[in-house]
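The exercises below are meant to be worked through with the sequence and the 3D structure at hand. Please try each task before reading its solution.

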Amino acid sequence: MDYFVSVLVPMIGGLGVTLSVFAITLIASIPLGFAFTLMARSRIGVVKGFAEVYIYILRGTPLLLQLLFVYFGLPLIPGIGAALTFDRFPAACIAFGLNYAAYFAEIFRGGLLAIDKGQYEAAKVLGLTKGQTMLRVVIPQMIRVCLPSVTNETITLLKDTALVTVIGVSEVLHYAKAAVNRDANTFAFLVAAGVYLVVNFVITLIFKKLEQKYNF
Amino acid sequence: MNQIIQVSNLNKSFGDNHVLRDISFEVDRGDVVAIIGSSGSGKSTLLRCLIDLEKADGGTVCMEDKALFKDGQYGSPAEIRAIIAKMGMVFQHFNLFPNLSVRKNLELAPKVVRKEDPRTIGERCEKYLGKVGLLDKIDAMPGTLSGGEKQRVAIARALMMNPDILLFDEPTSALDPELTGEVLTVMQELAEEHMTMVVVTHEMGFARSAANKILFMDGGIILEEGSPEDIFVHPKNERTRTFLQSITRKE
């Protein structure tokens with residue numbers, strides 16, 4: 001029991017970092033992802049093309065690679081490298097935010113495809129502008145369609161935060177590995193697994209409530 | 001000024017498919033016009049061109065002397081909006097907003113488009129829901145309503161904007177016969193109150209009893225036009241006769 005507590009306490013400290021990366025990524029990537037969804041639907045070729053290429057690259061390469069690139073690669077770009085040099089934690093948030101925006105963009109795109117053309121027509125004949133139609137009619141319905149996928153992606157995000165340890169950000173897994181190496185005892189990995197499971201339990205509960213709210 | 005809609009030489013193609021060929025007709029204030037004809041004859045496309053859900057390729061449509069398009073040329077988006085704001089539309093598949101309650105479906109457009117006083121909106125909402133017999137469903141979500149109830153809500157929603165003319169695109173085609181009756185009753189009442197209506201329908205009984213003008217469409221043209229008596233009792237065209245025979249045989 002004493003050993004359990006001695007392993008857990010530093011991990012709780014690391015959990016703060018894990019949850020920070022998690023929360024910042026979620027808050028940044030959902031609106032950014034929706035912006036990419038709209039851009040990918042744009043009638044302006046350049047805008048549409050940019051969004052599609054962005055999504056292709058960010059989904060097509062490993063997140064781990066992107067993380068290393070943001071932290072180690074960007075500062076090496078001649079000329080602008082100095083402006084693109086980030087500390088470990090901001091670098092982690094930037095890489096995660098950009099990556100998850102691409103995934104959310106695709107989830108939202110699917111959600112918009114599920115909305116009947118008749119909804120747009122009804123809004124149009126009632127005189128609603130495109131913006132009013134989006135806000136009042138389309139987005140609420142899109143959220144309902146997307147929620148299960150967003151839940152899935154959010155759970156994946158929590159687990160993916162373990163990757164930031166490779167650029168030296170001290171989160172849950174970092175302390176677990178430290179304890180395992182120090183004590184030659186893998187018990188700390190079990191504790192780390194428990195920590196992730198507890199947080200994901202809470203996330204799942206929150207999304208269940210949201211799904212009930214959007215169950216019209 | 002008695003004329004409310006004037007259509008002349010309206011043309012529309014989808015690719016190589018010439019759906020509407022030189023359509024011309026008029027709708028007077030208080031008219032109930034029924035557009036009948038077999039599937040694919042262009043009825044729905046014609047109706048959708050009147051309210052800018054389809055873009056016409058050529059011809060002219062005027063609404064109360066203002067052109068929605070003239071010789072195939074459309075006005076500015078603001079002009080188009082101003083014209084279609086005077087029209088209401090009821091769809092085959094209702095197209096209620098499933099995320100909003102019945103009340104909010106009715107109140108959305110007056111609130112966000114016209115920015116009317118909430119109290120007058122609320123009063124009108126209750127008035128029109130009462131008119132279609134669904135005041136008790138005011139707080140229901142659309143998903144909990146039957147098809148007939150959804151369509152009556154959709155009619156009330158269209159009335160909320162006080163349109164000068166109501167367009168109906170096969171309003172009962174998605175309903176079973178039992179529910180069809182309750183929707184037709186509401187439409188019949190509107191007709192008796194001299195609401196101007198253009199109704200694309202397969203309900204010959206309704207066309208005969210409620211309409212004062214029938215357009216029979218076939219192959220993208222108006223083949224025959226006249227009073228219910230002209231069309232149903234003394235059809236001039238052989239094609240009209242065979243169409244009506246096939247319909248009555250089915251009924």
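## Exercise 1: The interface between the chains

Task: Describe how much area chain A and chain B bury between them, and which residues of chain A supply the most of its share.

Solution. In this predicted model, chain A and chain B together bury about 1800 Å², and 62% of that area lies on carbon and sulfur atoms. Turning to the side of chain A, one finds that A:Val125, A:Leu126 and A:Arg136 supply 34% of the area that chain A buries against chain B, which is more than any other three residues supply. As for the residues that take part, the contact draws 19 residues from chain A and 24 residues from chain B.

## Exercise 2: Polar contacts and helices at the interface

Task: State how many residue pairs are in polar contact across the interface, and then find which helices of chain A supply residues to the side that touches chain B.

Solution. The first step gives eight residue pairs in polar contact across the interface of chain A and chain B, with both residues of a pair at pLDDT 80 or more. In the next step, helix H5 (117–125) and helix H6 (130–160) of chain A are each found to supply at least two residues of the side of chain A that touches chain B. H5(A) gives the most to this side, with eight residues. Sorted by kind, the residues of the side of chain A that touches chain B are eight nonpolar, six polar and five charged.

## Exercise 3: Salt bridges

Task: Count the salt bridges between the two chains and over all chains, and then examine some individual pairs together with the exposure of their residues.

Solution. Between chain A and chain B the count is two salt bridges, while the structure holds 19 over all chains. Side chains of opposite charge can pair when their charged atoms come close.

- One salt bridge joins the side chains of A:Lys124 and B:Asp52, at 2.9 Å from N to O.
- B:Asp52 also meets the side chain of B:Lys55 in a salt bridge, at 2.8 Å from N to O. B:Lys55 is partly exposed, because its relative accessibility is 39%, whereas B:Asp52 counts as buried at 6%.
- Within chain A, the side chains of A:Arg182 and A:Asp183 meet in a salt bridge at 3.0 Å from N to O. A:Arg182 counts as exposed because its relative accessibility is 57%, and A:Asp183 is partly exposed with a relative accessible area of 30%.
- Within chain B, the side chains of B:Glu116 and B:Arg124 form a salt bridge at 2.8 Å from N to O. B:Glu116 is partly exposed, with a relative accessible area of 24%, and B:Arg124 is buried, with 12%.

A last step is to look for shared partners, and here A:Lys117, A:Glu121, B:Arg48 and B:Glu54 are joined into one network by salt bridges.

## Exercise 4: The nonpolar core

Task: Which residues have the most contacts inside the largest nonpolar core, and what does B:Phe168 touch?

Solution. The largest nonpolar core has 48 residues, and those with the most contacts inside it are B:Ile36, B:Leu129, B:Ile155, B:Phe168, B:Met187 and B:Met197. When residues up to four places away in sequence are not counted, B:Phe168 touches B:Leu47, B:Val90, B:Ile155, B:Met187, B:Leu190, B:Met197, B:Val198, B:Val199 and B:Val200. In soluble globular proteins, nonpolar side chains tend to be buried together.

## Exercise 5: Three loop residues of chain B

Task: Locate B:Ser41, B:Asp52 and B:Asp71, and decide whether each is buried or exposed.

Solution. B:Ser41 is in the loop between strand E3 (32–36) and helix H1 (43–50) of chain B, and with a relative accessible area of 2% B:Ser41 is buried, because buried means under 20%. A polar atom of the B:Ser41 side chain lies 2.7 Å from the backbone oxygen of B:Ser38. Leaving out residues up to four places away in sequence, B:Ser41 touches B:Val19, B:Met217, B:Asp218, B:Gly219 and B:Gly220.

B:Asp52, already seen in two salt bridges, is in the loop between H1 and strand E4 (58–63) of chain B. B:Asp52 has a phi near 65°, a positive value in a residue other than glycine, and is buried with a relative accessible area of 6%.

B:Asp71 is in the loop between strand E5 (66–70) and strand E6 (73–74) of chain B. B:Asp71 also has a positive phi, of about 50°, although it is not a glycine. With a relative accessible area of 61%, B:Asp71 is exposed, because exposed means over 50%.

Technical notes: Residues are numbered from 1 along each chain as its sequence is written. Chains are lettered from A and ligands numbered from 1 in the order in which they are written. This is a predicted model: local features need pLDDT of at least 70, side-chain atom pairs count only at pLDDT 80 or more; totals for chains, interfaces and linings use all residues. Side-chain values use heavy atoms; hydrogens and water are left out. Contact means heavy atoms within 4.5 Å. Buried area is the accessible area (1.4 Å probe) that two parts lose on being put together, summed over both. A salt bridge is a side-chain nitrogen of Lys or Arg within 4 Å of a carboxyl oxygen of Asp or Glu. A polar contact is a pair of N or O atoms within 3.5 Å; within protein, one must be able to donate a hydrogen and the other to accept it, and residues adjacent in sequence count only if both atoms are side-chain atoms. Helices (H or I, at least four residues) and strands (E, at least two) are DSSP runs, numbered from the N terminus. Ala, Val, Leu, Ile, Met, Phe, Trp, Tyr, Cys and Pro count as nonpolar, Asp, Glu, Lys and Arg as charged, and the others, Gly among them, as polar. A nonpolar core is a set of buried Ala, Val, Leu, Ile, Met, Phe, Trp, Tyr and Cys residues joined through side-chain atoms within 4.5 Å. Buried means under 20% relative accessible area, exposed over 50%, partly exposed in between (1.4 Å probe, protein chains only).
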